Structures are given as structure tokens and as C-alpha cells.
Amino acid sequence: MHGRLKVKSTAQKEAERKKEEQEKLVKYKAARNRVFELRSNHDDELLKITTQLLIFNCECNTFWNIRKEFVSSKVASFRENDGNESDNIVGDNIELDKFFAQELAFTVQCLRKNPKAYAVWLYREYIMTLNPKSDWSHELVLCDEFLKLDERNFHCWDYRRVVLKHIPERKKELELQFTTSKIEDNFSNFSSWHYRTKLLCGEQRYIDCSWLSEKTARSEIELVFNALFTDPSDQSAWFYYRWMHGNNSCSKCSIVSTLVLRKFSSISILFSHYLSRQQLDPVKITLCSSPVDTPSSQGSLGGNDQESKNECLKVLDKLMSVDALRKRYYEDIRSDVTIECEILKRSSKGTSDSAVGDSEKKEDLSLRVQGLRLTQIRRLSPLLMLSYLDLSDNELESIGALKGFMNLKVLRLDRNMIRDLSPLSMCYSLTTFSADTNLVYSLKSLESLSECHS
């Protein structure tokens, strides 16, 4: 109909595309053959043709290498005409400076089209190295520009390391701040994390974190912890965290943090000072055992589990000696394991006594955990049906876990450091209660327990 544009069919578009590609291919082959003809002559036409070919396909290493040959010959002729044949002597040849500037501008043009082309970055490095008057500080600005476009462009990060070798006065702290800003913008920036390892390890043959000072290691652990807690599913921070645990490439084997993998979970430990691997290995091995929650959830367990609990107690004692800053934290964990050990003993004894009647079992709902250095009793929370509980001679400051133990009849809390007894206000079955040598300041909360005998 009149006034309507004719829409080309898919077949027509495909035919036109193939025809256009065929024409480009013919021109490309003709230009390629011409480059090989001019290669030995170093004619100026060679520069023009390779420019066109590389704009079309900037990843062709062959054309870049031919261009390098031409540039090397061109620069040599410039210096020969100027009477300066040495590469290290800086001349005042304006034409040569202009030529270098054109080549650098050409690489920027190619990089804007494909910022991840190996050959372009290598050619730019070649031009910068060839020119003794190169402004390497300007290259940092160029890297900043391309990293704003893609902060994970590892080609640009690699080139930035090359640039820094030519700027020895650049302080490492400034580069660390730069990587920190990039990591904070995007935690999933593996290139930035890797670049950071290179900065921290300097010119060492091995990228080994065990060379770091304790202060530096602690700040790096804090940085990577922030990344892990923000996005636990991202791999980049985990790779860096794993690197922070050290490797065996160096004789100095000391660490400030470790990750213990367990069956259904993991434990991350940050120590208050450096530990040797000899101190750490038994800790990691023992913490791999997963403690049970309650006897009812696991039933009767064998001797192997009891042995692993006892071994865990030994390791926790060792942790308290080597990491005194977190002693109270380890004491609380030790209390958990100790209570679980006692529960396991009681559970094993109960199941082996098959001759005992149900009524007698019901009356024997007791637990004695006196004199075991307990600092907290949160593991007792599920055992609401206990009727007898002895917690004497421990280091308890709170009994909040006993709130709601309405079946409890006998409770002994002698020789602890308890101040508040209010959690016992709902223990209506309590008949016998002892809390000698504590820090209790009031018995008002126990007024409702009129039948209790202190």
C-alpha cells in the first residue's frame, strides 16, 4: 500500500549480511597480502595499512609484531638523523615525540574498542619502554580510567604493575588504598584481591602471606572478613582468605587466623597473636568433630565420641593458653563440651541399665556437674525434665538457662559467682535449694517458692 515502508524479510537481510561480509573479507585479504609485501621495505604505507587492519581486528598478534618492526626501524632512523644512536640518551627530536604520541593515541583507540586485548596492552608497554621520555605517571591515570569502566579487567591490572616498576617513588600505601577502594566498590573483584597480594609481597618469588607482619596480617584479615560477611557466596574473598592462611613455600610458618571445616558448618578463628603451625594443627583437627545437642536427638553414643570430646577439652585448654585475649570465649565453649560429655555419660549409662523399671528411670532424671570449671550452662536448656541438678564448685555468673525448669526439685549452686536468682522464680517444683558462697544480693525472686528448703 502507498505510504508504508517496505520491510525486508529475514532471508533478504541474511543475504545482504553475507554479501557485506564477503566484500570485507576480500578487502581484508588484499590488505593482509599488501602488509606482507611491504614488511621488508619498512614503507610508510605499512603503518597506514596495519592501522586499518588493527582497528578492524586488534587481537591479531602478527600485525602488531610487524608494526613493532616498522616502529623500531622508524625510531632508529629518527635517532640516526638526529645524530643520537643510543636508546638511553634523551633527544629533542620533535618529530620522534610526535610519532610516539600518535602510536600511544592509536593504542587508546584500540583499547576503547576492546579493553581486554592482550596484544594492545603489550604494544603500549613496548612503545612506552622504547621512549626514554615516557610519562609513566600518566599511565596510572589511563589505568584508573579503564578500571572505572571495568574494575575486573585483569589486563589493565597487570599493566598497572608494569607501570609501577617505572615509578619507584610511588608509595605502596597509595596503591593499597586504591585496591581497597576498588574492593569496597565490588567485593567480587578477584583481580583487585590478586593485585593486593602482589603489593604486599613485593618482589618475592613466592606470593607467601607468612612474610607479612602481624599488624598487616590482622588488618588484611579484618578487610576480608568484611567481604565474607557481606557476600558469603562470592569466591574472590574466599580465595584471598585462603591465601591469608599461608602456604608451605616459606620456612616461616606462623598464622593469625584459620578456618576449620566441619561436617555441616565451618569455624573461623582469629587469634590475638601469631601461632606456629605446631600449635594450631591439633586445634584444627579436634574442632572438626561436631558436638551433639541433646541425648534425645542422638541416643546412646559409642566410646569414640566420648574420646573425641575429651580430646576437644584438651585442645580448648591449649587455646586458652596461647590466645589469652579470647580466654573467656574458649571457656564458654569448654563448658558446652563438658556438659555434653556428662550428658553422653548419663545417656550411655541409662541405656545399658535395661533391667531398671520405667518408674525408677523417671525418678533418676538427675545430672551432677560439680567442680568442672563451668562458666555457662546454655547446653542444659533442652533438659527441662531434670529433677536433680548439682552445679556446685564451678565459675558460673548466670543461671538464665534454668528459666522454665518447672520439674526441678533439687538444685545446688554452692561456691559459684551468681548474683541474680530471678530465673528460678518459675521453678515451682523446687523443694531443696542451696546457694552457699555466692554473690547473691536478694532472695526476693524466690518468695513464690514457699515450699523450698534452703
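A residue is called buried here when its relative accessible area is under 20%. The structure is a predicted model, and that cut-off is the one to keep in mind when looking at helix H9.

Helix H9 covers residues 190-201. Its twelve residues reach 17 Å from the first C-alpha to the last, close to the 16 Å expected at 1.5 Å a residue. Nine of the twelve residues are buried, so H9 is largely enclosed by the rest of the structure. The buried set begins with Ser191, Ser192 and Trp193. Tyr195, Arg196 and Thr197 belong to it as well, and Leu199, Leu200 and Cys201 complete it. What do these buried residues pack against? Their partners are H7, H8, helix H10 (214-230) and helix H11 (235-244). After H9 comes Gly202, which has a positive phi, near 65 degrees.

Two of those partners, helix H7 (154-165) and helix H8 (172-185), are joined by a loop in which Arg170 is found. Arg170 has a relative accessible area of 28% and is therefore partly exposed, since the partly exposed class lies between the 20% limit for buried and the 50% limit for exposed. Once its neighbours within four places in sequence are left aside, Arg170 is in contact with Leu140, Arg160, Leu164 and Glu175. With Glu175 the link is a polar contact between the two side chains, at 2.8 Å. Another residue to locate from here is Ser137, which is 33 residues from Arg170 along the chain. The C-alpha atoms of Arg170 and Ser137 are separated by 9.2 Å.

Arg170 and Glu175 also take part in a network of salt bridges, together with Asp144 and Arg160. Of these network members, Arg160 and Glu175 are among the residues already listed as contacts of Arg170.

In the whole model the count comes to 26 salt bridges. Three further pairs, each set within a helix, can be followed one by one.

The pair Glu14 and Arg17 lies in helix H1 (residues 10-38), with the two residues three apart, about one turn of the helix. Their side chains meet in a salt bridge at 2.4 Å, N to O. How accessible are the two partners? Glu14 is partly exposed, at a relative accessible area of 33%, and Arg17 counts as partly exposed at 37%.

Helix H1 also holds Glu20 and Lys24. Because these residues are four apart in the helix, about one helical turn separates them. The salt bridge between their side chains is 3.9 Å, N to O, inside the 4 Å limit used for a salt bridge. Glu20 counts as partly exposed, with 44% relative accessibility, and Lys24 is partly exposed, with a relative accessible area of 44%.

The remaining pair is in helix H15 (residues 327-352), where Glu331 and Arg328 are three residues apart and so are separated by about one helical turn. Glu331 forms a salt bridge with Arg328, and the closest N and O atoms are 3.7 Å apart. Is each partner buried or partly exposed? Glu331 has a relative accessible area of 15% and is therefore buried, whereas Arg328, at 38%, is partly exposed.

Conventions: Residues are numbered from 1 along each chain as its sequence is written. This is a predicted model: local features need pLDDT of at least 70, side-chain atom pairs count only at pLDDT 80 or more; totals for chains, interfaces and linings use all residues. Side-chain values use heavy atoms; hydrogens and water are left out. Buried means under 20% relative accessible area, exposed over 50%, partly exposed in between (1.4 Å probe, protein chains only). Contact means heavy atoms within 4.5 Å. A polar contact is a pair of N or O atoms within 3.5 Å; within protein, one must be able to donate a hydrogen and the other to accept it, and residues adjacent in sequence count only if both atoms are side-chain atoms. The expected span of a helix is 1.5 Å times one less than its number of residues.
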